[in-house]
Amino acid sequence: MKILVPVKRVVDYNVKVRVKADQTGVEIANVKMSMNPFDEIAIEEAVKLKEAGVVTEIIAVSIGVTQCQETLRTALAMGADRAILVETTAEIQPLAVAKLLKAIVANETPQLVILGKQAIDDDSNQTGQMLAALLNWPQATFASKVTIANGEAEVMREIDGGMETVAIKLPAIITTDLRLNTPRYATLPNIMKAKKKQLDIITPESMGVDVTPRLKTLKVVEPAKRKGGIMVPDVATLVEKLRNEAKVI
Amino acid sequence: MATLVIAEHDNSSLKAGVTNTVAAAHKLGGDIHVLVAGSGCAGAATAAAAVAGVSKVLVADAAHYAGSVAENLAPLVVGIAKDYSHIMAGATAFGKNLMPRVAALLDVMQISDIVSVDSADTFVRPIYAGNAFATVQSSDAIKIITVRSTGFDAVAATGGNAVIENIAASADAGVSRVVKQELSKSDRPELAAAKRIVSGGRGLGDGDKYRAVLEPLADKLGAALGASRAAVDAGFVPNDYQVGQTGKIVAPELYIAVGISGAIQHLAGMKESKVIVAINKDPDAPIFQVADYGLVGDLFTLVPELTAAI
Ligand SMILES: Cc1cc2nc3c(=O)[nH]c(=O)nc-3n(C[C@H](O)[C@H](O)[C@H](O)COP(=O)(O)OP(=O)(O)OC[C@H]3O[C@@H](n4cnc5c(N)ncnc54)[C@H](O)[C@@H]3O)c2cc1C
Ligand SMILES: Cc1cc2nc3c(=O)[nH]c(=O)nc-3n(C[C@H](O)[C@H](O)[C@H](O)COP(=O)(O)OP(=O)(O)OC[C@H]3O[C@@H](n4cnc5c(N)ncnc54)[C@H](O)[C@@H]3O)c2cc1C
């Protein structure tokens, strides 16, 4: 079966972003961009399923600017077979991302789509669930273990009180959590090979999908700064401060 | 204008975040209804009817709502959505799993993880691990919203007197089932709602030391236990202990960070705490930049000393 893995290009998780002075957003010019860490986990899981003989072809998809090709090449170097870029400079919100992915699913007919549970820039945590709704497919979010057998996926999920295992019928949507696997590094030979793999470029217009944003960002501001704290020399002083100054014990 | 709050519950009682979500609904004005969908959920419905400011509780009781799977709950919510201007749930694993599915079926964008209500269509939400706050305006007819509980002080869980109305259940989608649940058992307060939290990181070394050093302190303080991702990844504690951008967001009165360096992703989950204490042997650890009280030294001597002193 085929598997589709959407990968998003985001500000690298090590970068502490700065809000723009005009409050229109955050400064992303000249900062390091990487594949969303949860999407690396998604690619890794797809590659493992291929190595196990469950999956025959892995298609990576990204939606965004020209430079998303770099993110797709990383996916190809990790083991994806081919890639599709839906190229646009417009702001594409999760509902629109889900609609574009739905159109790609209709063309490619994968049995499984594995997404990240959240993108670490906008932290929306919604694209996978929206795609599941639009396709009327079952979903298993926040996966920490995936087993595919007999037309079903058995997925262990990280939930608030612990763990839950669900069984969902294929075709289905899975979103990854942190502990599903440890993504491999792309080796140099694989990076070279990835340059030759197929990467198709299409546009939202050619797919007939309306991507008009539904949410308008009015402003983006910095969080209130915490007022500076103090260092205490010993436990006795700490206890005294917690009792009499902070009054929390 | 009326708001529907989707209650997270265990059939007999409500989860802590529901009263915070109702508080967010209050900011909009208008009627507040609560949906309780479950299996044998009369107890939870009674609890919802007692929440301050709720005027009506809708109850859908059916066996296929037992596991709260989104495939079954989303059509139920969509079926009654037309009566509401806003539909809200907590930004918990439950709400995050369900609400985007509802939003897409209604062809609207979800507004994730709001921390403030500016007006009926304008909300504030953190982005980039809380390093920026975006004010966003929705042009959709129905606003589908998840609420970060630390942004809103809970309303009283008692004193209300809402009418309870049974509604018809939606059909069983039959595509997913819960095979099993392994819930962490603990007598401690729920992490997301605790007033005090003792949290441990990689510095604790292993699970046995984590428990030996931190449990006595948590016992004395009546605190919940939390952890960094590194501590969870290394298997010291279960996944539901994780505090941070991709774990639980907490804002207790007192947060004690022990052997935690203070990575951006960890700070995102706890920096709204009222008082932060950091214990770390590295004086340059970033955690000290957000701590109200910092103590430099070996946690294996300092924490037992602290436990003995309070
Ligand atoms: C002020 C501001 C300005 C913005 N400007 C832009 C902009 O100029 N251009 C822009 O593209 N976005 C921009 N965004 C982000 C945009 O609005 C969407 O929120 C975002 O693309 C999708 O949300 P998410 O990634 O948080 O979704 P989530 O639901 O958190 O993502 C979950 C998963 O969905 C998949 N996914 C999501 N998006 C994509 C994608 N694009 N391609 C492939 N897979 C994907 C991934 O597997 C990901 O792990 C901006 C946001 C803000 C707040
Ligand atoms: C996509 C993504 C999501 C993430 N999400 C989260 C998240 O939600 N939550 C989270 O916490 N992290 C998250 N992280 C991980 C984060 O980046 C850090 O790696 C993690 O928080 C580090 O955990 P730590 O502070 O316990 O470990 P370390 O950074 O290794 O720090 C250990 C600290 O213990 C101190 N120490 C050691 N021994 C002693 C001693 N004897 N006495 C006193 N102090 C001692 C050291 O000085 C050090 O400061 C995420 C990362 C990524 C990429």
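This note sets out two helix contacts and the aromatic features of a predicted model.

1. The contact between chains A and B considered here involves helix α7 of chain A, residues 235-245, and helix α8 of chain B, residues 299-309. Their axes come within 10 Å and cross at roughly 45 degrees. The helices α7(A) and α8(B) are therefore oblique to each other, and the crossing is right-handed.

2. On the side of α7(A), the residues in this contact are V235(A), L238(A), V239(A) and R243(A). They meet L302(B), E305(B), L306(B) and A309(B) of α8(B). Sorted by class, the contact of α7(A) with α8(B) comprises 6 nonpolar and 2 charged residues, with no polar ones.

3. Within chain B, helix α3 (residues 70-80) and helix α4 (residues 93-105) have axes that come within 9 Å and cross at roughly 50 degrees. This angle makes α3(B) oblique to α4(B). Their crossing is right-handed.

4. From α3(B), the contact draws on A70(B), E71(B), L73(B), A74(B), V77(B) and V78(B). Their partners in α4(B) are F94(B), N97(B), L98(B), R101(B), V102(B) and L105(B). The contact of α3(B) with α4(B) has 9 nonpolar residues, 1 polar residue and 2 charged residues.

5. As to aromatic features, the structure holds 1 aromatic pair over all chains. In chain A, K117(A) lies over the face of F142(A), at 5.8 Å from the ring centre.

Methods: Residues numbered from 1 in each chain as written. Chains lettered and ligands numbered in written order. Predicted model: local features only at pLDDT ≥ 70, side-chain atom pairs only at ≥ 80, totals over all residues. Heavy atoms only, no water. Phe/Tyr/Trp six-rings, centres within 6.5 Å; stacked < 30°, edge-to-face > 60°. Lys NZ or Arg CZ within 6 Å of the ring centre and 35° of its normal. Axes fitted to C-alpha atoms, helices over the stretch in contact; angles between N-to-C directions. Helix = DSSP H or I, 4+ residues; strand = E, 2+ residues; numbered from the N terminus. Parallel < 35°, antiparallel > 145°, perpendicular 65-115°, else oblique. Left-handed = near helix turned anticlockwise from the far one by under 90°. Contact = heavy atoms within 4.5 Å. Nonpolar A, V, L, I, M, F, W, Y, C, P; charged D, E, K, R; others polar.
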